[in-house]
Amino acid sequence: MVEELVVAGVTLASAAVVYVAAAARVVKQYERGVVFRLGRLRPEVRGPGFTMIVPGFDRLQKVNMQIVTMPVPAQEGITRDNVTVRVDAVVYFKVTSPAEAVVRVQDYRFAVSQMAQTSLRSIIGKSELDDLLSNREKLNQGLELMIDSPAVEWGVTIDRVEIKDVSLPETMKRSMARQAEADRERRARVINADAELQASKKLAEAAHQMSDAPAALQLRLLQTVMAVAAEKNSTLVLPIPVELLRFLEKGAGGAGERPPLEPRLDSDPEGSNSRQE
């Protein structure tokens with residue numbers, strides 16, 4: 001009798017161990033568990049930690065609640081201004097309702113990927129090339145709204161969408177490079193003309209200032225000669241202007257006039273001839 005009780009106890013303990021091993025499940029911190037009992041969804045969602053199900057009747061499906069980074073393959077399209085471009089993007093999304101993500105859509109990752117590709121092609125056709133290159137923030141917001149509208153019904157929330165790269169044909173790249181070069185050349189010419197105008201105004205003011213003092217013009221000429229002669233790699237031929245001679249003449253006139261020479265008689269050694277100097 002005792003042996004039968006011991007055998008029965010061991011059998012029950014073994015069955016309990018097997019039952020617990022079959023029913024025990026562990027849900028990680030970033031996961032949630034959705035339970036189906038005989039194919040019917042249970043209303044409660046299992047949280048992280050240790051949980052139990054009924055073996056043979058229940059099936060536990062785990063859903064990742066982390067933010068998923070999904071690259072969108074490059075999509076080729078024609079913009080509104082008839083330019084062929086190739087655009088790729090990246091989508092950040094997460095599951096907010098595990099039960100709806102499992103029940104409403106067969107594979108929510110694949111569904112979000114297809115919706116992102118379709119929306120990206122649609123946004124390319126509605127935009128111009130300049131918007132794709134310089135106004136990406138607005139396009140990102142529009143693309144996010146287009147993907148998020150159907151994804152909400154699947155228990156998925158789109159966190160953000162970013163356009164990564166816009167590839168252009170080589171002919172378009174060369175045209176844009178020529179346009180940028182022409183624009184830079186135009187700005188350079190405008191700046192150069194503005195500098196010439198300002199320099200001409202300053203030179204006119206300097207000319208009016210030097211007209212009152214002719215000596216200043218000569219000093220400026222000598223400074224220019226000294227600046228050129230400092231290089232010592234060329235021969236400088238400087239004609240003397242008439243104004244410089246007049247300036248020297250006025251300076252010499254202030255010093256006084258030279259006395260005239262007096263005549264002098266030189267006698268011939270032989271005493272026969274004489275001359276007057």
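Is L38 buried or exposed? I looked this up first. L38 has 66% relative accessibility, so L38 counts as exposed. My cut-offs: buried is under 20% relative accessible area, exposed is over 50%, and partly exposed is in between, with a 1.4 Å probe and protein chains only.

**Ground rules**

I am working on a predicted model, so local features need pLDDT of at least 70, side-chain atom pairs count only at pLDDT 80 or more, and totals for chains, interfaces and linings use all residues. Residues are numbered from 1 along each chain as its sequence is written, and side-chain values use heavy atoms, with hydrogens and water left out.

**Overview**

I noted 8 helices and 10 strands in the protein. Both are DSSP runs numbered from the N terminus: helices are H or I with at least four residues, strands are E with at least two. The protein has 277 residues, and 22% of them count as buried. I then checked contacts, meaning heavy atoms within 4.5 Å. Among contacts with a separation of 6 or more, 62% come from residues 24 or more positions apart.

**Sheet 3-2-5**

I went back to L38. It sits in the loop between strand 2 (31-37) and strand 3 (40-46). L38 is not a glycine, yet its phi is positive, about 55°.

Strand 2 and strand 3 belong to an open sheet of 3 strands, order 3-2-5, with antiparallel pairing. Strand 3 and strand 5 (58-64) are the edges, and each pairs on one side only. Neighbouring strands here are turned by 25° against each other on average, direction ignored. I count two strands as paired if DSSP finds at least two bridges between them. Strand 2 and strand 5 run antiparallel and are joined by 7 bridges. R37 stands opposite D58 of strand 5. As background, strands of a sheet pair through backbone hydrogen bonds, either parallel or antiparallel.

**V102**

What does V102 touch, beyond residues up to four places away in sequence? I found V34, F36, Q61 and V63. V102 lies in helix 2 (residues 98-103). V102 counts as buried because its relative accessibility is 16%. V102 and V63 are 39 residues apart in sequence, and their C-alpha atoms are 8.0 Å apart in space.

**Sheet 6-7-8**

I turned to another open sheet of 3 strands, order 6-7-8, with antiparallel pairing. Its edges are strand 6 (68-78) and strand 8 (156-167), each pairing on one side only. The twist averages 25° from one strand to the next. Strand 7 (residues 84-95) runs antiparallel to strand 8, and 10 bridges join them. I picked out one pair: V91 has V161 of strand 8 as its bridge partner.

Which helix packs on the sheet and touches strand 6, strand 7 and strand 8? I found helix 3 (residues 108-126) there, with a direction at about 35° to that of strand 6. Helix 5 (residues 136-151) lies across strand 7 and strand 8, and runs at about 140° to strand 8. For these angles, axes are lines fitted to C-alpha atoms, for helices over the stretch in contact, and angles run from 0 to 180 degrees between N-to-C directions.

**Helix 3 on helix 5**

I looked at this helix pair next. The axes of helix 3 and helix 5 come within 9 Å and cross at roughly 140°. Helix 3 is therefore oblique to helix 5. Under 35 degrees is roughly parallel, over 145 roughly antiparallel, 65 to 115 roughly perpendicular, and the rest oblique. The crossing is right-handed: the near helix is turned clockwise from the far one by less than a right angle, whereas anticlockwise would be left-handed.

Helix 3 contributes M115, A116, S119, L120, S122 and I123 to the contact, and helix 5 contributes L139, L143, M146, I147 and P150. By class, I have 9 nonpolar, 2 polar and no charged residues. Ala, Val, Leu, Ile, Met, Phe, Trp, Tyr, Cys and Pro count as nonpolar, Asp, Glu, Lys and Arg as charged, and the others, Gly among them, as polar.

**Loop between strand 6 and strand 7**

I checked T79 and N82 last. T79 is in the loop between strand 6 and strand 7. With 4% relative accessibility, T79 counts as buried. Leaving aside neighbours within four places in sequence, T79 contacts V85, I124, G125, S127, E128, L129 and L132.

N82 is also found in the loop between strand 6 and strand 7. N82 counts as exposed, because its relative accessibility is 66%. Its phi is positive, near 60°, in a residue other than glycine.
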